[in-house]
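Hi,

Here is the model I said I would pass on. Have a look at it first, and then read on for what I found.

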Amino acid sequence: MKPIYLIAALAVLATAGGAYTVMHMMYDGHHDMTVQATAGSLSIGNATARFLLEGRPGAVFLSIDNKGSADKLVAASSRLSQRVELHTHTMDNGVMRMRPVEAIEVPANTITELKSGGYHIMMFDVKTMPEKGSPVPLTLTFENAGEVQIEATAGDIGDKHSH
């Protein structure tokens with residue numbers, strides 16, 4: 001059974017140069033995604049940031065819908081953080097541990113989830129703790145698609161699903 005995509009426009013924001021950014025929902029029967037940015041054949045959405053305690057690292061989760069050739073997320077940065085790293089979780093003698101990775105594969109024609117317990121983005125030395133609902137600006141760098149700017153939405157401080 002082929003996925004069925006329904007696209008409902010939520011907002012169209014015109015820029016001074018006449019270009020448009022469209023935020024929409026995509027549904028394939030298994031996955032809802034609010035698209036926040038596009039880069040080539042990649043659509044990035046559902047970006048949320050979670051911070052456990054002030055002064056501690058935060059985590060960013062998001063979805064990458066790739067409708068084209070394979071790509072890789074190779075870096076992330078934010079003006080709110082001194083250091084941003086790509087991470088994954090691994091099991092080490094029954095203990096789950098986080099570790100940095102050089103890149104996150106974004107296979108062709110798939111949705112790659114950065115989520116709790118898997119791949120995610122870590123923000124260290126956050127300069128100002130974002131309030132719930134506020135934007136957390138990020139620059140994602142893909143090997144082929146290049147740089148894309150997104151804004152994750154900050155969740156509650158102390159959210160038990162921080163990373």
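Let me start with a small puzzle: is Thr-34 buried, partly exposed or exposed? With a relative accessible area of 24%, Thr-34 counts as partly exposed, because the buried class ends at 20%. Thr-34 belongs to strand 3, which covers residues 32-39. Its C-alpha lies 8.2 Å from that of Ile-44, and the two residues are 10 apart in sequence. Ile-44 comes up again below.

First, a word on confidence. This is a predicted model, with a mean pLDDT of 80 for the protein and 76% of residues at 70 or more. Residues 1-30 have pLDDT below 50, although the model gives this stretch 49 contacts beyond near neighbours in sequence. Residues 159-163 also fall below 50, and there the model has 19 such contacts. Where pLDDT is low, the predicted coordinates should not be read in detail. I'd leave the contacts of those two stretches alone.

On to the overall picture. The protein has 13 strands and zero helices, so the order of elements from the N terminus is simply β-β-β-β-β-β-β-β-β-β-β-β-β. Of the contacts between residues at least 6 apart in sequence, 58% join residues at least 24 apart. Buried residues account for 40% of the 163 in the protein. The accessible surface is about 9,200 Å², and carbon and sulfur atoms hold 52% of it.

Now the inside. The largest nonpolar core has 31 residues, and those touching the most other members are Ile-44, Leu-62, Ile-121, Met-123, Leu-140 and Phe-142. Strand 4 (residues 42-51) gives the most to this core, with five residues. Phe-142 is worth clicking on. Setting aside neighbours within four places in sequence, Phe-142 is in contact with Leu-42, Ile-44, Ile-64, Asp-71, Lys-72, Leu-73, Val-74, Val-106 and Val-148. Ile-44, then, is both a contact of Phe-142 and one of the residues that touch the most other core members.

Strand 11 (residues 120-126) is where I spent some time. Six of its seven residues are buried. Strand 11 pairs with strand 5 (residues 58-66) in the antiparallel sense over three bridges, and with strand 7, also antiparallel, over six bridges. Met-122 shows up in both pairings: Ala-59 stands opposite Met-122, and Met-122 is also the bridge partner of Glu-85.

Ser-81 lies in strand 7, which spans residues 81-92. Its relative accessible area is 7%, so Ser-81 is buried, the limit being 20%. The Ser-81 side chain reaches the backbone oxygen of Arg-83 at 2.8 Å. Beyond neighbours within four places in sequence, Ser-81 is in contact with Met-123, Phe-124, Asp-125 and Val-126. One of those, Met-123, is among the core residues named above.

Asp-125, another contact of Ser-81, has a backbone oddity. Its phi is near 50°, a positive value in a residue other than glycine, and Asp-125 lies in strand 11. Most residues other than glycine have a negative phi, and most peptide bonds are trans. Which residue in the loop between strand 9 and strand 10 (110-114) should you look at next? That would be Asn-109, which has a positive phi of about 55° although it is not a glycine. Asn-109 counts as exposed because its relative accessibility is 60%, over the 50% limit.

Finally, have a look at Glu-105, which sits in strand 9 (residues 104-106). Glu-105 is partly exposed, with a relative accessible area of 49%. Not counting residues up to four places away in sequence, Glu-105 touches Asp-71, Lys-72 and Thr-112. Asp-71 and Lys-72 are also on the contact list of Phe-142. Glu-105 and Glu-143 are 38 residues apart in sequence, with their C-alpha atoms 9.8 Å apart.

That's what I have so far. Over to you.

Cheers

How values were computed. Residues are numbered from 1 along each chain as its sequence is written. Side-chain values use heavy atoms; hydrogens and water are left out. pLDDT is the predictor's confidence in each residue, from 0 to 100. Contact means heavy atoms within 4.5 Å. Helices (H or I, at least four residues) and strands (E, at least two) are DSSP runs, numbered from the N terminus. Buried means under 20% relative accessible area, exposed over 50%, partly exposed in between (1.4 Å probe, protein chains only). Accessible areas come from the Shrake-Rupley method with a 1.4 Å probe; for residues, only the protein chains shown count as cover. A polar contact is a pair of N or O atoms within 3.5 Å; within protein, one must be able to donate a hydrogen and the other to accept it, and residues adjacent in sequence count only if both atoms are side-chain atoms. A nonpolar core is a set of buried Ala, Val, Leu, Ile, Met, Phe, Trp, Tyr and Cys residues joined through side-chain atoms within 4.5 Å. Two strands pair if DSSP finds at least two bridges between them.
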